[in-house]
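Me: Could you walk me through the inside of this one, with a close look at what packs where? Start from a loop if you like and work inwards.

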Amino acid sequence: MKDDYTFSKFIREYSWMKLLTQFFVGTLALSLLAPSLSFAQPRHSDEVVAPTPVALSAADAAKELSDFRHSRLDGDFCIIFELTHRPRKGDDVVYNGAAWGTWNDQGPVTRFRLIEKPAKPATGQPAAAPATWEWLVQNGSSPHVWVFAPGATAAREVPSSEWRTPLFPGTVYTPFDLLMPFIFWSDSTYSGAGRVSDRGVDIFALKPPTAEQNSSLGSVRIYIDREFGDLVRTEQLDAKGKLVRQFDLGSITRVQGQWMIENCQLQDLVTHDYDKFDVKAVALKQKLDAAIFDPAQLGKQADLPPQSAWANL
């Protein structure tokens, strides 16, 4: 019997699988999935928490940023995750999701599937079916985003003018936040070293290309962990220099010899709403079918790796 695993089957069996695997679980790195989801190996041995590290030379800073931009996992990967939207006022809303990741000549490419829970029906009315959204994100120096929305007959490419709108009503995350195109902006300045959540970091300020500058988008600061080479924090500023959005890495762990992200959160500092991203299971060192990453295949079945490939977090 074919041992492919569908997303819906995984969700049904997740609790059972967790009981069997909780003793040898590790975790994932999404650089998302892209650089936001992939992490390098530790650069040095475990150390006692130290004061702010000494700033890098210009040459070393340039190398660190280049290494981060080109970091990747060993093989393709799949993850199962939960995205929890926590508004400043109101109840939490939880979305189930899956992601498939690979790398091509242009850079990281990731396919996301999110299941949006329908609103509670009125008394006496039947519940609506969950809505499924799919996104394909091609990162690199020439980024692209495609979406397959509920009710659509084909995927459409999302123009950059729409990258900063929510993935769908009820999320802080936008295509821009999945894509993180600023990682590859060429106008970068090393701002020195610092500490975030007791981790030594190097700080870079990145400015958008002239063609992408507008009244709502200014520079972005990124904080790269000095030891692990992962993305600890990003700060998006508007054109006036006001901090408006902040991404923070929560925790990482080791799975099959690779450092992975366990959770992270993105906060809208204007509304004070935030989204929390929790990885539930990961399948690493995979060889995925290239068709999964074809925009024309969005909305069609994409199997997950066999059950034996998964580690729960």
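Reply: Let's start outside: Gly151 lies in the loop between β5 (144-148) and β6 (156-157), where helices (H or I, at least four residues) and strands (E, at least two) are DSSP runs numbered from the N terminus. Bear in mind that this is a predicted model, in which local features need pLDDT of at least 70, side-chain atom pairs count only at pLDDT 80 or more, and totals for chains, interfaces and linings use all residues. Residues are numbered from 1 along each chain as its sequence is written, and side-chain values use heavy atoms, with hydrogens and water left out.

Gly151 is exposed, at a relative accessible area of 82% (exposed is over 50%, buried under 20%, partly exposed in between, with a 1.4 Å probe and protein chains only). Its C-alpha sits 8.9 Å from that of Ala131, 20 residues away in sequence.

Now inwards. The largest nonpolar core counts 55 residues; a core here is a set of buried Ala, Val, Leu, Ile, Met, Phe, Trp, Tyr and Cys residues joined through side-chain atoms within 4.5 Å. Phe81, Trp135, Tyr173, Phe182, Ile222 and Phe277 have the most contacts inside this core. Strand β12 (residues 258-268) is its biggest contributor, giving five residues. Apart from that core there is another one, of 18 residues, with Val109, Trp146, Leu298 and Leu304 among them.

Tyr173 deserves a pause. Setting aside neighbours within four places in sequence, Tyr173 is in contact (heavy atoms within 4.5 Å) with Leu83, Pro166, Leu167, Leu178, Arg245, Phe247, Cys264, Leu266, Asp275 and Phe277. Tyr173 also lines the second largest cavity, along with Phe81, Leu83, Phe112, Leu114, Leu167, Leu178 and Phe277. A cavity is a set of points on a 1 Å grid over the protein atoms alone where a 1.4 Å probe fits but cannot get out, and lining residues have an atom within 4 Å of a point. This cavity holds about 50 Å³ of space, the volume being what is filled by probe spheres set on points joined across faces, edges and corners. Two elements, β1 (76-86) and β3 (108-116), give two or more residues to the lining. That lining is made up of eight nonpolar residues, no polar and no charged (Ala, Val, Leu, Ile, Met, Phe, Trp, Tyr, Cys and Pro are nonpolar; Asp, Glu, Lys and Arg charged; the others, Gly among them, polar).

On to Gln236, which is found in strand β10 (residues 231-237) and is buried at 2% relative accessibility. Beyond four places in sequence, Gln236 touches Arg164, Phe176, Asp177, Ser219, Val220, Lys242, Leu243, Val244 and Arg245. Leu217 is 19 residues from Gln236 along the chain, with 7.7 Å between their C-alpha atoms.

For backbone oddities, look at phi: most residues other than glycine have a negative one. Met180 goes the other way, at a positive phi of about 50°. Met180 lies in the loop between α4 (175-179) and β7 and is buried, at 5% relative accessibility. His272 has a positive phi too, of about 70°; it sits in the loop between β12 and β13 (274-286) and is partly exposed at 36%.

Finally, β7 (residues 187-196) and β8 (residues 199-207) run antiparallel and are joined by nine bridges; strands pair if DSSP finds at least two bridges between them. Gly192 stands opposite Ile203 in β8. The two strands make a hairpin with two residues between them, and Ser197 in the turn has a positive phi of about 50°.

Definitions and conventions:
1 Å grid on protein atoms, 1.4 Å probe; cavity = no way out; pocket = protein on both sides within 12 Å on 5 of 7 lines; lining within 4 Å.
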